[in-house]
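User: I am new to this structure. Please take a close look at how its helices are held against each other, with the charged pairs in focus.

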Amino acid sequence: MRSTTKEKGVNRRKPGNRVQYNVGRLNADMREQMIAESAYYRALARGFNGGDAMLDWLAAEDEINRLLLNQN
């Protein structure tokens, strides 16, 4: 295998440059994906035993909404 100096998918930004995310461009699908992942991790934390998927979703939705509102 030949070695190259340029790797695919590597971000070659200069040190000290900060990546800025525009939360205003977050669409409904992205928000829903964030909520789904948060709800999943809530269930995972309790070993998927007991609990209620709807309550996990609602708690995750509240968490993501608060996070997004604090970004603006």
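**Charged pairs and the core beside them**

Analyst: Arg-46 has a relative accessible area of 28%, so this residue counts as partly exposed. Keep in mind that the model is predicted.

Start with the partner of Arg-46. Asp-56 forms a salt bridge with Arg-46. The closest N and O atoms of this pair are 2.7 Å apart. Asp-56 sits in helix H2, while Arg-46 sits in the loop between H1 and H2, so the bridge ties together parts that are 10 residues apart in sequence. The two ends have their own labels. Asp-56 has 11% relative accessibility and therefore counts as buried, because buried means under 20%. Arg-46, at 28%, is partly exposed.

Now the pair between the helices. Arg-42 forms a salt bridge with Glu-63. Here the closest N and O atoms are 3.3 Å apart. Arg-42 belongs to helix H1 and Glu-63 to helix H2. They are 21 residues apart, so this pair links distant parts of the chain. Arg-42 counts as partly exposed, at 33% relative accessibility. Glu-63 counts as partly exposed too, at 27%.

A further pair stays inside one helix. Arg-66 forms a salt bridge with Asp-62, with the closest N and O atoms 3.2 Å apart. Both residues lie in helix H2. They are four residues apart, about one turn of the helix. Arg-66 is partly exposed, with a relative accessible area of 47%. Asp-62 is partly exposed as well, at 43%. By the rule used here, the count of salt bridges comes to four.

Next, the nonpolar side. The largest nonpolar core has five residues: Ile-35, Ala-39, Ala-60, Ile-64 and Leu-68. Helix H1 (28–45) and helix H2 (53–71) each supply at least two of them. The largest share, three residues, comes from H2.

Ile-64 is one of these core residues. What does Ile-64 contact, leaving aside its neighbours within four places in sequence? Its contacts are Arg-31, Met-34, Ile-35 and Ser-38. Among them, Ile-35 is itself part of the core.

Put the pieces together. H1 and H2 both contribute to the largest nonpolar core. A salt bridge joins Arg-42 in H1 to Glu-63 in H2. Another joins Asp-56 in H2 to Arg-46 in the loop between the helices.

How values were computed. Residues are numbered from 1 along each chain as its sequence is written. This is a predicted model: local features need pLDDT of at least 70, side-chain atom pairs count only at pLDDT 80 or more; totals for chains, interfaces and linings use all residues. Side-chain values use heavy atoms; hydrogens and water are left out. A nonpolar core is a set of buried Ala, Val, Leu, Ile, Met, Phe, Trp, Tyr and Cys residues joined through side-chain atoms within 4.5 Å. Buried means under 20% relative accessible area, exposed over 50%, partly exposed in between (1.4 Å probe, protein chains only). Helices (H or I, at least four residues) and strands (E, at least two) are DSSP runs, numbered from the N terminus. Contact means heavy atoms within 4.5 Å. A salt bridge is a side-chain nitrogen of Lys or Arg within 4 Å of a carboxyl oxygen of Asp or Glu.
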